[in-house]
Amino acid sequence: MSNTMRLNKPMGLLVDHNKSINFEFDGKQYDGLQGDSIASALLANNRWLMSRSFKYHRARGPLTMAGQDANTMVQLGGEPNVLADKELIMSGQRVAGQNYSGSLVKDRDAILGYFSRFMPVGFYYRAFFKPMGMWEKWEPIIRKKSGLGKLDLDFEPEYYDKMYLFHDVVVVGGGPAGLSAALKAADAGCKVLLVEEQGILGGALAYHRFDIEGEKADILRGKLVERIEQHDNVEVLLNATCNAWFTDNYLPIIQGKRMYKARAKQCIVASGAFEQHVVFRNNDLPGIIMSSAATRLMKLYAVKPGQKAIVLTGNDDGYLTALELQEHGVEVRALVDMRTTNDSVELLTAVQNKGITVKKGHTVYEALGAKGNQHIRAVDVREIVGQGQVSQHSEIIDCDLLCMSAGYMPAYPLLCQAGAQLSYDDNSEFTLSNLPENLHIAGSVNGIYLLDTVLKDGEFAACKALKNLGHNIELPAKEKCTRKVNFYWPIFSHPKGKDFVDFDEDLQTKDIVNATRLGYRDIQLVKRFSTVGMGPSQGRHSALPTARLVADATDRTVTQTGVTTARPPYAPEKLAHVAGRIFDPVRHTAMHYRHLELGAKMMPAGNWHRPAFYGKPAERDNCMQIESQHVRNNVGIIDISTLGGIELRGPDAAEFMNRIYTFAFLKQPLGKTRYAILTNEYGVVIDDGVACRIADEHFYVTATTGGVDHVYRQMLKWNAQWRLNVDIANVTSAFAAINVAGPDSRKVIQKIAEGVDLSSEAFPFLAYREGTVAGIPARLLRVGFVGELGYEIHVPASYGEALWDAVMDAGKEFKIKPFGVETQRLLRLEKGHIIISQDTDGMSHPGEISMGWAINRKKSFFVGSRSVEIVMAREQTRKLVGFVLSKDNVKPKEGHLVLEEGNISGNVTSCEYSCAVDSIIGMAYAGINQSEPGSSIDIRVDKGLIVKATVVKMPFFDPQNKRQEL
Amino acid sequence: MMSSIKTSELFNQRSFVSRKIEAIAFKAIGDGALVTKVVSKGDSKTHAVNLALIDLSVAARIGFRGTNAKSHLDVAKLPVPSKPNMMEQSKKGSLMTLRLSDNEYWVLDGSTEMGEKLHMLTALPVPYNCYRLYCQHSHAWFMLTGQYIEQTMAKICGVDLRKLSFPLDTIIQTSVAKVNAVIVRHEVNKIPVFSILSDSSSAAYLWDSLLDAMGEFDGCVLGIDALGLE
């Protein structure tokens, strides 16, 4: 189709008249120009119907042409709810309407409009829940009808990301006030970010007519934009929406597929104002648009919005709109001014000189629709005889376009998010007060509308910002604006309704008034009851008429009534913007790739990745049993690099160890290791490890993988009080470590170790030695977590992979096999060794877990000593016990409950089948009366089954601990 | 020397990101090997000036902490920054002394040789109240080079790293892509550089995060030769 409504240059700031683009809408092909939005291209083809309303499926076309309403929401491929007046057309693009049954033009659901009297606000809550059980029947029908657009469930994720920005001053809004503020701040040497929601700078200068000749805006815009573009201190983001204001000027700005997170020392909001609609019957018909939308269409997109227009206004801007329309070939049939007098005699004369009829003190009382109400065909104009009252005398005027403006409301959401107070005075004008210290406003959002004053107001805001930044600057006098832009009562309720307050939710005047009659007098309650302002346009046009209606119905002022709370985001944002490029750190040990090469099934351990076992996930149990048998019978190797490591060095290192851990460390011999338990101030066991005394003033202590960071913080915290001369370093990442365990482990290590005698006499169980392994400097610990002869070898992390390779190579002749964390857990379970945080919880004290032996009662203090004493002296209620079950039972899982006479007495903490014991073995908290070996405990397993386990003395395997001491 | 080395696995000391680099040449340094050249993506110097990521994890460095750490560096006649979060370079430029707190210093050798002074420092007995740190192994060392380093970091770091706020030879200790990092701003042969020292266990993750952020600016991985270091 051809662009029948296209204007010639210089109209069309955003489009390239020489580049045509073809696209599809609603199954038909259309041509647009490069730079067109979907909506402007369709309007250039005289296609106005773009969507159907949410509730009554009324025909809707563009209202603001600025992305500020829900009337242009369309389906773009797999993406629903795309704003057609913001989205640019692309060649071959397929666009469709949404929320219709049948076709967009012939929507069967439009019949709902005829039943609107039966669907008042709140009917939903009341109609479908009675009688009992009805909701189940209604729900699928309602769900089928609800929602707008269709999601593409085969959607492939796209790349969205985030970026931080840092500026001295961020100016939100690239209109005259914003440009002026940005230039003033930039001239003073500040780094300025200018954020503009539209595709070009200038704001109203780009589309609004400011003078009778229509020249002033273009000239001024050219000058300002040229200066901005040439200024080194100004960075501009176009098509970017500042979507929220957070404390200290933290501003999320969305542009394309990126969310910028801007930090501004000073922020100036020059966000402009939302033009307000007039409430009358059928004020939603396609062809009824804001005055600013008409001028945007002409100036930005070179689209003539109609042939025969009516201009309905509550201020002098309507006169300028009429001149603009007439100048571009639109016949202005009448200028309907709701006021009895206008401000400018010159404007009135200019309009009348163009042959335009001016009807003062009149309004449009009803718009009349063409067939199917798919476009306006005429208006019913009447004289205003009182607040919201019109005379009986009606004048019908044919038209295909109605441009309306009841006035302007500040674009307040960002400011109200910052805590600003919006007030509305007796002269129908707004003010915003209570702004945070480093947030400023300028221009029409500040109630300033005269162009020269707007520019000065921008500079004033910049001066305030500069002063806050420490610039030595005199504040100019604050600008005041005498111009009035809001008509006091642009609401003309009609007995037949369809006088829409909120286009998003199809809310009429009676819906708001009825809400107050039902007792919802507070504006917030009216919002929640009626859903006014809860649609995609978030009350940009409905907030003020709603406040007026509620104020009138409750006999209060608009200021007393207030407006609903503005919360982030300012405009709808995709979850992708919030979720895009989340950082989720993972940690790998030095041997990570070796595990992958060996077919390890990896598992998370905090943010580490560790091998659970080596083999297929489906063969977990079998792999574990094979690996554990191999350790018991031959030799195995496990990567334990994730084990926490903390170094304590200095004259007070031993004293510090003695205070922080429960055992005694002052006299720990050099070259020896000692088990170390850490309790907190409440006597709860929070971590454990092995302390190696490397030198008199040097300890190397391990901690659990998940606990080391907390342990380290605790150490720093305590020493901030104790002020001991000790250096505490978290060296977890500095060391890689392996445990080589099994009867053949000594033989393997002997092949590659130097400088250390591995014989049991020279290097007994629980000893610490240093030497080299495969030429790598190493710390060797003889400890027995898995209960076999074994060596922990700790080396500098960069050497970890080489160490692994060397040990695997040396172990070939002994058939060395790697084993994973799950296997290690089984092996240590067989030995009855607990894992802190798996076999303990937030209440476990040393007595409960049979660790009384690890408490040194002779020393005067350790962290938690007093609490440990108290909690252990109390009557005990539970104890960690070992239990066995014959292997033909259902295996309990961790967390399964232990019962005592039907009551919960504890829970299972660890459980696994052990081929070494040939039974199911586990640990569980049990009631104190159930804890003696030989007792029977009931464990409730899956499906509520009860299995009876027998409490046994641990360890389950090698009770004399001979194997680890070989 | 050593350009014939085809894999860093011939050495005991290995970088945590060695598998992520398509290296074609190495230079032995200590027990490890630095990547000197990678599979060609055009003129490496042009890339280095634009945006590049270079792994120096195997390059020599050492740290000291304690009240006598400064005097220990003084004995070795190393430059010592006057206050924390500053960096001083040696006259030849290859040695950098980072002061990370009142009493913590790291000495980094960006050359492809283990410098004489670092050798000397390693051999010196550590004085009372001075403790050696293991930054050689606890931290990976990457150099992000070129004109887009600030924009790249702005995608993964919430701290203002513009030159205005983060001048030459200063240090910021912060979080990058949610892992702790020490960032040093300096220059190598007049190319702007951020040296990033971060936990070695999450080095591969950070490497990927940096490359992802660099994609927008046509950043790439290079070997150390691209910087013309000697």
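Colleague: In which helix of chain A is Gly318(A) found?

Modeller: Gly318(A) belongs to helix α7 of chain A, which covers residues 317-327. Helices here are DSSP runs of H or I with at least four residues, strands are runs of E with at least two, and both are numbered from the N terminus. This is a predicted model, in which local features need pLDDT of at least 70 and side-chain atom pairs count only at pLDDT 80 or more, whereas totals for chains, interfaces and linings use all residues. Residues are numbered from 1 along each chain as its sequence is written, while chains are lettered from A and ligands numbered from 1 in the order in which they are written.

Colleague: Why is Gly318(A) called buried?

Modeller: Gly318(A) has 25 other C-beta atoms within 10 Å. A residue is buried if 20 or more other C-beta atoms, placed from the backbone, lie within 10 Å of its own, exposed if 12 or fewer do, and partly exposed in between. Gly318(A) is therefore buried.

Colleague: Which residues does Gly318(A) touch, not counting residues up to four places away in sequence?

Modeller: They are Ser291(A), Val311(A), Thr313(A), Leu335(A), Asp337(A) and Ser405(A). Contact here requires C-beta atoms, placed from the backbone, to lie within 7 Å. In addition, the C-alpha atoms of Gly318(A) and Gly407(A) are 9.8 Å apart, although 89 residues separate the two along the chain.

Colleague: What makes strand β16 of chain A mostly covered?

Modeller: Of the 6 residues of β16(A), which spans 308-313, 5 are buried.

Colleague: How do you know that β16(A) and β17 of chain A pair?

Modeller: Two strands pair if DSSP finds at least two bridges between them. There are 6 bridges between β16(A) and β17(A) (residues 331-337), in the parallel sense, so the criterion is met. Val311(A) stands opposite Leu335(A) in this pairing. Leu335(A) also faces Val358(A) in β18(A), and 3 bridges join β17(A) to β18(A), again in parallel.

Colleague: In what order do the 5 strands of this open sheet of chain A stand?

Modeller: The order is β15-β23-β16-β17-β18, with parallel pairing.

Colleague: Why are β15 and β18 of chain A called edge strands?

Modeller: β15 (288-290) and β18 (358-360) of chain A each pair on one side only. From one strand to the next, the twist averages 20°.

Colleague: How do α6 and α7 of chain A lie against the sheet?

Modeller: Helix α6(A), residues 291-301, lies across β15, β16 and β23 (401-405) of chain A and runs at about 85° to β15(A). Helix α7(A) packs on the sheet and touches β16, β17 and β23 of chain A, its direction making about 175° with that of β17(A). Axes are lines fitted to C-alpha atoms, for helices over the stretch in contact, and angles run from 0 to 180 degrees between N-to-C directions.

Colleague: What makes α11(A) oblique to α13(A)?

Modeller: The axes of α11(A) (residues 509-517) and α13(A) (residues 543-553) come within 9 Å and cross at roughly 40°. Angles under 35 degrees count as roughly parallel, over 145 as roughly antiparallel, 65 to 115 as roughly perpendicular and the rest as oblique. The crossing of α11(A) and α13(A) is therefore oblique.

Colleague: Which residues make the contact of α11(A) with α13(A)?

Modeller: Thr509(A), Ile512(A), Val513(A) and Thr516(A) of α11(A) meet Thr546(A), Leu549(A), Val550(A) and Ala553(A) of α13(A). By class, this contact has 5 nonpolar, 3 polar and no charged residues. Ala, Val, Leu, Ile, Met, Phe, Trp, Tyr, Cys and Pro count as nonpolar, Asp, Glu, Lys and Arg as charged, and the others, Gly among them, as polar.

Colleague: Why do β5 and β8 of chain B count as standing at the edges?

Modeller: The open sheet of chain B has 5 strands in the order β5-β6-β7-β4-β8, paired antiparallel. β5 (86-89) and β8 of chain B each have a single partner strand, so one side of each lacks a neighbour in the sheet. Further in, β6(B) (residues 95-101) and β7(B) (residues 104-109) pair antiparallel over 6 bridges, and Thr97(B) has Val107(B) as its bridge partner.

Colleague: How many residues of chain B are in contact with chain A?

Modeller: 30 residues of chain B are in contact with 28 residues of chain A. On the chain B side, β8 (131-133), α4 (135-138) and α6 (203-214) give two or more residues, and α6(B) supplies the largest share, 3 residues. That side divides into 10 nonpolar, 12 polar and 8 charged residues.

Notes
Contact = placed C-beta atoms within 7 Å.
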